Amino acid sequence: MRKRRSVMTIFAACISLMIILTTGCGTSGTTNNENPGNSKPAGTNAADEGGGSSAEAPAAKKVTLTLMVGNTGTTLDALKVVAAEAEKKLNIAIEFDIKPDGTEGDNLVKTRLATGDMDDLLVYNSGSLLQALSPEENFADLSGEPFMADVLDSFKTTVTASGKVFGVPVGTTVVGAVLYNKKVYADLGLEIPRTWDEFMANNEKIKAAGKTAVIGTYKDTWTSQLLILGDYYNVQSQNASFADDYTANKAKYATTPAALRGFEKIEDVYKRGYMNKDFLATTYDAGLKMLAEGDGVHYPMLTSALDSIFQNFPDKINDIGVFPEPSDSADINGLTVWMPSALYLNKDSKNLEAAKKWTEYFLSPEGQSVLSSKLKASGPYLITGIDLPEDTYAGVKEMQSYFDEGKTAPALEFLSPVKGPNLENITVAVGSGINTAAQGAKDYDKDVEKQAQQLALPGW
């Protein structure tokens with residue numbers, strides 16, 4: 001059990017939380033995989049102790065590490081299974097510290113870091129949201145650890161600050177795309193669209209058949225962002241320097257036609273009446289039910305949703321396919337990719353070497369096999385030698401060819417630290433007809449300014 005915090009520590013935590021909430025620096029938490037949209041010496045290398053692989057050298061005395069993680073999806077359950085196996089191998093136990101999701105969870109993480117009360121291990125977003133946690137001050141640099149050799153560079157870049165690498169992937173990639181009901185597609189004789197016009201033509205046929213063409217779940221406001229965020233492959237394909245220019249305050253959504261297009265697509269779907277009538281009151285879970293049962297046919301969403309569909313509608317999972325968000329040209333057709341959350345090690349942990357040993361086991365083929373038994377792949381893996389298992393969702397298998405052909409791009413939040421906290425509210429306003437696409441883009445350009453200034457980015 002965790003020792004009781006002193007009254008002064010609790011008081012400091014409360015003051016810190018009040019400061020965070022007052023300054024508005026909390027950001028909405030995605031995992032990556034659920035919600036899109038922000039030094040002391042490390043000590044002796046764990047692999048050098050006792051010779052051979054540290055993951056196979058159990059401690060003489062049991063060590064207990066604390067691990068903070070959210071409770072969305074199956075990540076927690078999967079980590080518990082890994083922890084049980086690791087305890088047998090290493091004599092290192094894990095005590096789980098469950099944090100809330102979303103802004104409340106972000107604020108808790110920042111408070112615990114500010115007060116020096118962070119757990120030994122933390123599962124948290126990679127990409128722009130990591131940068132807001134001052135990783136050099138708070139997390140162990142893993143750059144020189146032997147177990148990092150198997151982590152793909154494409155992931156390392158999303159957990160790097162000042163040339164140092166701070167995290168390892170928890171799970172697989174996730175794609176922002178259009179989930180669709182393959183059974184309804186077959187019944188209506190529809191083909192996968194390669195352009196936005198073809199997509200809208202499919203929507204018209206679906207609407208005429210008495211079904212919801214595009215599922216809207218704006219009750220959970222974060223889900224309103226996907227037509228913007230999932231469109232980034234199309235933006236980068238037309239403006240290769242957009243991420244750098246955006247970070248340097250040289251490019252804006254409102255004045256870059258390819259970037260503005262995402263807002264226009266949200267407006268387009270609303271104006272054509274393709275969403276369910278109660279989209280403002282419909283939840284994410286209800287949207288998944290509509291898709292699984294074929295009442296709704298398209299759902300712009302992260303592919304992590306496949307895991308939830310499998311949990312709740314296992315007999316429907318093979319009815320769900322995935323295709324890229326269409327651009328305006330059939331020649332531009334690819335996937336926007338989200339990196340998974342990462343496991344970070346508290347650099348001030350008294351059990352840092354044990355934490356490294358546990359991390360090495362976690363990344364090993366055995367550890368990843370145990371993890372995937374409970375946390376099914378939402379996209380290709382980011383660890384060398386770990387392939388998609390045979391029982392991978394059909395929708396994920398459809399994505400593999402895009403990865404093989406290099407037709408992917410990281411989501412903007414993994415290329416730029418600039419991400420405004422109010423995008424989900426702005427997209428709700430555009431997607432419900434309150435604001436135009438042009439106004440929404442201008443509002444978002446203004447929204448990102450405060451964060452960019454807080455990060456002291458040049459040009460802002």
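Is Trp358 buried or exposed? In this predicted model, Trp358 is buried, with a relative accessible area of 0%. The residue sits in helix α15, which covers residues 352-363. Trp358 also belongs to the largest nonpolar core, a set of 133 residues. Together with Tyr253 and Phe263, Trp358 touches the most other members of that core.

Aromatic pairs were examined next. The count comes to 17. One of them joins Trp196 and Phe199. This pair is tilted, with 5.0 Å centre to centre and 45 degrees between the planes. Trp196 and Phe199 both lie in helix α8 (residues 196-208). They are separated by about one helical turn because they are 3 residues apart in that helix. Trp196 has a relative accessibility of 1% and therefore counts as buried. Phe199 is likewise buried, with a relative accessible area of 1%. A further pair is formed by Trp358 and Phe362. Here the rings are stacked: the centres are 5.7 Å apart, and the planes make an angle of 10 degrees. Trp358 and Phe362 are 4 residues apart in α15, so about one helical turn separates them. An α-helix has 3.6 residues a turn, so residues three or four places apart point the same way. Phe362 has a relative accessible area of 0% and is buried. Ring pairs also build a cluster, which links Tyr232, Phe242, Tyr246, Tyr253, Phe263 and Tyr444.

Phe263 leads from this cluster to helix α12. The helix bends by about 30 degrees at Phe263. Helix α12 spans residues 257-271, 15 residues in total. Its end C-alpha atoms are 20 Å apart. This agrees with the 21 Å expected, because each residue should add 1.5 Å. Many side chains of the helix are covered by protein. The buried residues of α12 are Ala258, Ala259, Leu260, Arg261, Gly262, Phe263, Lys265, Ile266, Glu267 and Val269. Charged residue types thus appear in the list, among them Arg261, Lys265 and Glu267. After α12 comes Gly273, which has a positive phi near 70 degrees.The contacts of Phe263 reach residues in other parts of the chain. Leaving aside residues up to four places away in sequence, Phe263 touches Ile228, Tyr253, Leu423, Ile426, Thr427, Val430, Ala437, Gly440, Ala441 and Tyr444. Two of these partners, Tyr253 and Tyr444, are also members of the ring cluster.

Strand β12 was considered next. The strand comprises residues 342-345. Both of its faces are covered. Ala342 and Tyr344 lie on one side and are buried. Leu343 and Leu345 lie on the other side and are buried as well. Strand β12 pairs with β3 (residues 121-124) through 4 bridges, and the two run antiparallel. Within this pairing, Leu121 has Leu345 as its bridge partner. Strand β12 also pairs with β6 (residues 167-169), again antiparallel, through 3 bridges. There, Pro169 stands opposite Ala342.

The loop between β6 and β7 (174-181) contains Val170. Val170 counts as buried because its relative accessibility is 4%. Val170 and Val123 are 47 residues apart along the chain, yet their C-alpha atoms are separated by 7.7 Å. Another such pair consists of Ala286 and Thr217. These two are 69 residues apart in sequence and 7.7 Å apart in space, C-alpha to C-alpha. Ala286 is found in helix α13 (residues 284-293). With a relative accessible area of 30%, Ala286 is partly exposed.

Backbone angles gave two further sites. Most residues other than glycine have a negative phi. Ser134 is not a glycine, but its phi is positive, at about 50 degrees. The residue lies in the loop between α4 (128-131) and α5 (135-138). Ser134 has a relative accessibility of 32%, so it counts as partly exposed. Ser162 also has a positive phi, near 50 degrees. Its place is the loop between β4 (160-161) and β5 (164-165). Ser162 counts as exposed because its relative accessibility is 59%.

Definitions and conventions:
Residues numbered from 1 in each chain as written. Predicted model: local features only at pLDDT ≥ 70, side-chain atom pairs only at ≥ 80, totals over all residues. Heavy atoms only, no water. Buried < 20%, exposed > 50% of the residue type's maximum accessible area, 1.4 Å probe, protein only. Pairing = 2+ DSSP bridges. Expected span 1.5 Å × (residues − 1). Bend = angle between axes of the 7 residues up to and from the residue. Core = buried A, V, L, I, M, F, W, Y, C linked by side-chain atoms within 4.5 Å. Contact = heavy atoms within 4.5 Å. Phe/Tyr/Trp six-rings, centres within 6.5 Å; stacked < 30°, edge-to-face > 60°.
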